[in-house]
Amino acid sequence: MIEKKSLFLGWWVVFGSFLSNAMYSVTGLVAIGLFIEPMSSSLNWSVASISVGIALRQIAGTIVGPLLGPRIDKTEPKKLFFISTFITGISTIVLGFITNVWVFYMVYGVIGAIAITGISNLVTGTVISKWFIKSRGRALGFSDLGSSVGVIILIPVINIIITSHSWELAWISLGLLHLIIMTPVAFLMKRQPEDYGLLPDNEISVEHDLITNDSKSDRVVWTAKEAIKTYQFWIIILAFGLSNISVMAILTHQINHIVHQGFSSTQAALIISLWAIFAGFARVLFGFLLERISVRYLSFIVMIGSALGTYFLLIGNSLELLYCFAIIYGLFRGAIVLMSIIIWADYYGRTNLGAIRGLTTPFNIISLSIGPVAAGYFYDQLGSYDMIFSVFILLYVISGVLILFTHSPKKK
């Protein structure tokens, strides 16, 4: 029998992950959308060439996944957070001084990408899944809420710096902010409750640790070798891989699309902030729903909703239509990352979760990189995103159908 603590250490891990997700979503993902137009104009780079750097960032980040995953299972993540924060912050500052596209590829596309993976949801999602079973949905939901809060607060600020001063100063400011916020976060990250004499969810006995929902596999220990032999492993990779093509492309090109629809960068930033507000609400809402409804049903819903939201972005030639995009896309697309974390934990348990999720990252290379490059290429060739955004809508629908018919694996 273990004495139950009044203040569960796992919730401090959630808070640290909240801050980490806030900075990762801005520094690692969304912010680049604000820089495409000013960097393209200032440095005479094409949108496609900048998109190559974005694609390289996804490739470099996913390559380290198989090495990083097992380490998360076995060691404290504190040192990893320190190293990741320092290199990410410095490389972001350096972006404010570059003039050569190949230096951009190296600093943003390779060095910064590998570094920031250390604070990505591969780490935070895996660690939280080890601290919680019964409350896993809400814990991950609150953690992932940080992604929206970061975008809501920082994207308008970065846009103001760019429009009022320069894109160079914006990169430098973002890098300094990353160092200031993320350095203390490392102290909050703990590997698993058993290392501190605790049980998941702060339960008082092993019996209470068992899950009653038959759709979850936390009672069963799946190894990475066993997981890859199940067809569900490959269907999940395919389904979320197809959706990631759309996710990354829209994430990096949505601001440029809105600006070239005739709206100002300030209006575009406000639309994205509105999108982030609803995405934050969705992450908490779906976090609670995941404790009651199967992840495959909810995954289907968020994929179809994301397709609908993308349609409004496609036809968004008025602020009213863009508001519809922000609300609908935020409500559903905002929960996709949450689904992709939960489904691995629910289907294969928490014991070797880092190793299992680490094995999936190389397969994300194509999906995470092809979307931004394809969007940039077709924009340069056709002068709009209309055709490629239509493809993204279809990919969301296919992803939802695949997940809907993928039941949790049963270990013999």
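**Exercise 1. Two residues and their distant partners**

Task: State in which helix Phe 332 lies, and how it counts by relative accessibility.

Solution. Phe 332 lies in helix α15, residues 319-333. Helices here are DSSP runs of H or I with at least four residues, strands are runs of E with at least two, and both are numbered from the N terminus. The model is predicted: local features need pLDDT of at least 70, side-chain atom pairs count only at pLDDT 80 or more, and totals for chains, interfaces and linings use all residues. Residues are numbered from 1 along each chain as its sequence is written, and side-chain values use heavy atoms, with hydrogens and water left out.

Next, take the accessibility classes: buried means under 20% relative accessible area, exposed over 50%, and partly exposed in between (1.4 Å probe, protein chains only). Phe 332 has 22% relative accessibility and therefore counts as partly exposed. Last, the C-alpha atom of Phe 332 is separated by 28 Å from that of Met 182, with the two positions 150 residues apart along the chain.

Treat Ile 398 likewise. Its place is in helix α19, residues 386-404. At 35% relative accessibility, Ile 398 counts as partly exposed. From Ile 398 to Pro 200 the C-alpha to C-alpha distance is 35 Å, and the pair is 198 residues apart in sequence.

**Exercise 2. The length and bend of α8**

Task: Compare the span that helix α8 should have with the distance between its end C-alpha atoms, then find where α8 bends.

Solution. Begin with the rule: the expected span is 1.5 Å times one less than the number of residues. Helix α8 covers residues 136-164, which is 29 residues, so it should span 42 Å. The end C-alpha atoms of α8 are 43 Å apart, which agrees.

For the bend, use the angle between axes fitted to the seven residues ending at a residue and the seven starting there. At Leu 154, α8 bends by about 30 degrees. A proline, Pro 156, follows within four residues.

**Exercise 3. Salt bridges that involve α8**

Task: How many salt bridges does a search of the whole structure find, and which parts does the pair Arg 136 and Asp 346 tie together?

Solution. A salt bridge is a side-chain nitrogen of Lys or Arg within 4 Å of a carboxyl oxygen of Asp or Glu. By that criterion the whole structure holds four salt bridges.

1. Arg 136 pairs with Asp 346, and their closest N and O atoms are 3.3 Å apart. Arg 136 is in helix α8 and Asp 346 in helix α16 (residues 336-348), so this pair ties together parts 210 residues apart in sequence. Arg 136 is buried, with a relative accessible area of 0%, and Asp 346 is buried at 4%.

2. Arg 138 and Glu 291 meet through their side chains at 2.6 Å, N to O, in a salt bridge. Arg 138 belongs to helix α8 and Glu 291 to the loop between α13 (265-289) and α14 (295-314), so the parts tied together are 153 residues apart in sequence. Arg 138 is partly exposed at 26%, whereas Glu 291 counts as buried at 16%.

3. Asp 144 forms a salt bridge with Arg 283, with 2.8 Å between the closest N and O atoms. Asp 144 lies in helix α8 and Arg 283 in helix α13, so the pair ties together parts 139 residues apart in sequence. Asp 144 is buried at 5%, and Arg 283 counts as buried at 5%.

**Exercise 4. A nonpolar patch on the surface**

Task: Which residues form the nonpolar patch on the surface, and which element gives the largest share?

Solution. Patches are made of residues with over 30% relative accessible area and no salt bridge; like charges are joined within 9 Å, and nonpolar side chains (Val, Leu, Ile, Met, Phe, Trp, Tyr) within 5 Å. The members are Ile 83, Phe 86, Ile 87, Ile 90, Val 94, Met 106 and Ile 111, together with about 590 Å² of accessible area (Shrake-Rupley method, 1.4 Å probe; for residues, only the protein chains shown count as cover). Two or more residues each come from α5 (78-94) and α6 (101-116). The largest share, five residues, is from α5. Ile 83, in helix α5, counts as partly exposed at 46% relative accessibility.

**Exercise 5. Two loop residues**

Task: Is Thr 117 buried or exposed, and what is the phi of Asn 44?

Solution. Thr 117 is in the loop between α6 and α7 (121-131). With 8% relative accessibility, Thr 117 counts as buried. A polar atom of its side chain lies 2.8 Å from the backbone oxygen of Ala 113.

Asn 44 is in the loop between α2 (32-43) and α3 (47-63). Its phi is positive, about 60 degrees, although Asn 44 is not a glycine. At 71% relative accessibility, Asn 44 counts as exposed.

How values were computed:
Polar contact = N/O pair within 3.5 Å; in protein donor to acceptor, adjacent residues only side chain to side chain.
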